[in-house]
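I opened this entry to look up the cysteines and their pairing. A short look at one aromatic residue follows at the end.

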Amino acid sequence: MSSGRRHWSLGSLLLLFGGNLGVLIEIHQHLVNGTVGQSVLLPVSYRFGGAPHFPVSIDWKFTSNSLNTLITCTLLNCSLGAGGAPSACSAKCFPHSTYRGRAELFPKNGSLLLRDLKLRDSGVYSVVFRPSYQIWNVTLTVHEQRFTPDHAADTVEQDHIRYCAIGICSSISFLLFLLFCCIRHRGAAQQKKRIIKQQQVSSVEESPMESTAVRAMATIYARVGDSFEQSQPRPTPEVMYISVTSPGPPGLDAGPYHLPG
């Protein structure tokens with residue numbers, strides 16, 4: 001940041017030396033430089049020339065655009081140190097919605113802190129103390145970030161490290177996925193083998209039972225057949241004789257002829 005001379009508000013001096021209770025304002029830098037994306041402090045300080053009358057209002061305005069008040073802070077009470085400098089203040093600050101989270105006013109000294117600078121933040125800023133209505137201006141110039149060769153090398157190295165870390169994490173994730181797939185496939189194969197083995201055991205157990213049943217049925221049929229054959233008596237051949245008497249020629253003895261029947 002560029003240095004600037006300290007200036008005292010003419011109105012403050014008039015109020016102070018005129019016997020009134022005024023505010024003495026000191027601007028530490030009139031020209032301030034900042035960098036995009038970083039923070040910058042617009043430094044001021046003040047002190048009271050006697051017992052102050054509260055409330056006292058401190059306003060910061062960005063006069064380079066249509067925005068009226070950037071942030072305002074109302075001092076409700078302050079403890080005074082040596083020379084009338086405030087040491088502790090009770091205050092309520094209200095930033096504009098455009099600068100909420102980016103602008104901060106320090107009630108103890110009235111300085112303005114701007115965060116996350118943008119190029120459009122360049123311009124003239126005015127600080128106003130009321131009710132005396134004293135105004136001082138500070139010019140802010142915001143510059144683009146400049147990369148030195150060392151910084152560029154560090155950036156390249158950091159990018160390389162980041163890409164390597166991403167690659168390693170991706171490789172580990174892929175290997176874990178493959179391991180999961182292998183474990184799952186192996187479990188499925190073992191389950192399939194277990195099922196096949198159970199089916200084979202069941203088939204082996206059922207085969208002797210079927211053979212035994214077949215043999216028992218064959219035995220039963222054989223015994224039934226034997227019993228059936230034994231119960232049927234075989235016919236006994238009988239010889240029947242029939243006597244036949246026929247007239248024969250004269251002189252022959254007519255006797256009976258026995259023919260087997």
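I started with cysteine 73, which is joined to cysteine 93 by a disulfide with an S to S distance of 2.2 Å. The model is a predicted one, and I read every value below as computed from it.

I then looked up where the two partners sit. Cysteine 73 is in strand 7 (residues 71-80) and cysteine 93 is in strand 8 (residues 86-95), so the bond ties together parts 20 residues apart in sequence. I noted the torsion about this S-S bond as about -50°, so this disulfide is left-handed.

I checked burial for both ends. Cysteine 73 has a relative accessible area of 0% and is buried. Cysteine 93, at 30% relative accessibility, counts as partly exposed.

Next I asked how many disulfides the structure holds. It holds two. I found the other between cysteine 78 and cysteine 89, with the sulfur atoms 2.0 Å apart. This pair also links distant parts of the chain, with cysteine 78 in strand 7 and cysteine 89 in strand 8, 11 residues apart.

Is the disulfide of cysteine 78 and cysteine 89 left-handed or right-handed? The torsion about its S-S bond is about 115°, so I entered it as right-handed. Cysteine 78 is buried at a relative accessible area of 9%, while cysteine 89 is partly exposed at 25%.

I wrote down the connectivity as well. Counting bonded cysteines along the chain, the pattern is 1-4, 2-3.

I went on to cysteine 181 and asked why it has no bond to the closest cysteine sulfur. That sulfur belongs to cysteine 182 and lies 7.0 Å away, which is too far for a bond; the cut-off for a disulfide is 2.5 Å. Cysteine 181 is partly exposed, at 32% relative accessibility. I also looked up cysteine 164, which counts as partly exposed at 34%.

Last, I turned to phenylalanine 54. I located it in the loop between strand 5 (44-48) and strand 6 (56-62). Its relative accessible area is 25%, so I put it down as partly exposed.

I listed its contacts, leaving out residues up to four places away in sequence: Phe48, Leu75, Leu76, Asn77 and Cys78. Cys78 in that list is the cysteine that forms a disulfide with cysteine 89. For leucine 75, I noted a C-alpha to C-alpha distance of 6.9 Å from phenylalanine 54, with their positions 21 residues apart in sequence numbering.

Conventions
Residues are numbered from 1 along each chain as its sequence is written. This is a predicted model: local features need pLDDT of at least 70, side-chain atom pairs count only at pLDDT 80 or more; totals for chains, interfaces and linings use all residues. Side-chain values use heavy atoms; hydrogens and water are left out. Helices (H or I, at least four residues) and strands (E, at least two) are DSSP runs, numbered from the N terminus. Buried means under 20% relative accessible area, exposed over 50%, partly exposed in between (1.4 Å probe, protein chains only). Contact means heavy atoms within 4.5 Å.
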